[in-house]
Amino acid sequence: MSGHVFGYASLVAAPAVARATLRGHRRVWGVAMDNAVAVPGYKVYALPDGSRPAVAVAFLDLEADAAFAVDGALLAVDDAGLAALDARERQYERVDVTALVDPAPGGPVWSYAGRAPGRARVAAG
């Protein structure tokens, strides 16, 4: 399956992206990872001395809000690209936003929205 991913944070810096807007959402610091938990192959945040503080590290997220729109970028993807992004974006779930993207690129468009555990870490932090 091929399509596009709407990026609204670090994915906007990927090569070969096209500008786009996601209607009905706003960008928030809405998901976090637990930096005290080591996950093999996943990023951690370390201090200059190399120690890893036991903190929740917040990331950008999408929040539904009809009064807003998010500027971002469309990245063309195939099955392998989607699988790689699904693994990279482990704090998020892939959601279909095809009907909310301007300009419509043709074909499906997905974005990544925070999973409940990551949103709970932000709320508790």
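These are legends for an overview and several close-up views of one predicted protein model. Residues are counted from 1 along each chain as its sequence is written, and side-chain values use heavy atoms, with hydrogens and water left out. Because the model is predicted, local features need pLDDT of at least 70 and side-chain atom pairs count only at pLDDT 80 or more, while totals for chains, interfaces and linings use all residues.

**View 1. The whole chain, with two helices and six strands.** Going along the sequence, you meet β-β-β-α-β-β-β-α. Helices (H or I, at least four residues) and strands (E, at least two) are DSSP runs, numbered from the N terminus. The C-alpha atoms fit a box of roughly 45 × 35 × 25 Å along the principal axes. The radius of gyration is 15 Å, which agrees with the value near 14 Å for a compact globule of 125 residues; it is taken over C-alpha atoms, and the globule rule is 2.2 Å times the number of residues to the power 0.38. Contacts (heavy atoms within 4.5 Å) often link distant parts of the sequence: of those with a separation of 6 or more, 73% join residues 24 or more positions apart.

**View 2. The largest nonpolar core, made of 25 residues.** Such a core is a set of buried Ala, Val, Leu, Ile, Met, Phe, Trp, Tyr and Cys residues joined through side-chain atoms within 4.5 Å. Val5, Phe6, Leu22, Val77, Leu85 and Val101 touch the most other members. Strand 1 (3-7), strand 2, strand 3 (56-77), helix 1 (79-88) and strand 6 (109-114) each give two or more residues, and strand 3 gives the largest share, seven residues. In soluble globular proteins, nonpolar side chains tend to be buried together. Look for Val101 here: leaving aside neighbours within four places in sequence, Val101 is in contact with Ala20, Thr21, Leu22, Arg23, Leu74 and Val109.

**View 3. Two buried histidines, His4 and His25.** His4 sits in strand 1 and has a relative accessible area of 18%, so it counts as buried; buried means under 20%, exposed over 50%, and partly exposed in between (1.4 Å probe, protein chains only). Beyond four places in sequence, the contacts of His4 include Leu74, Val77, Pro105 and Trp110. His25 belongs to strand 2 (residues 17-34) and is buried too, at 15%. Among the residues His25 touches, again beyond four places, are Leu62, Asp65, Phe68 and Leu100.

**View 4. Tyr92, a buried residue in strand 4.** Strand 4 covers residues 92-96, and the relative accessibility of Tyr92 is 8%. Setting aside neighbours within four places, Tyr92 is in contact with residues including Tyr8, Val31, Phe59 and Tyr112. Leu47 is 45 residues from Tyr92 along the chain, and their C-alpha atoms are separated by 25 Å.

**View 5. A cis peptide bond between Asp102 and Pro103.** Omega is about -10 degrees at this bond. Pro103 lies in the loop between strand 5 (101-102) and strand 6.

**View 6. Ala16, a non-glycine residue with a positive phi.** The phi of Ala16 is about 60 degrees. You'll find Ala16 in the loop between strand 1 and strand 2. Is Ala16 buried or exposed? Ala16 is exposed, because its relative accessible area is 76%.
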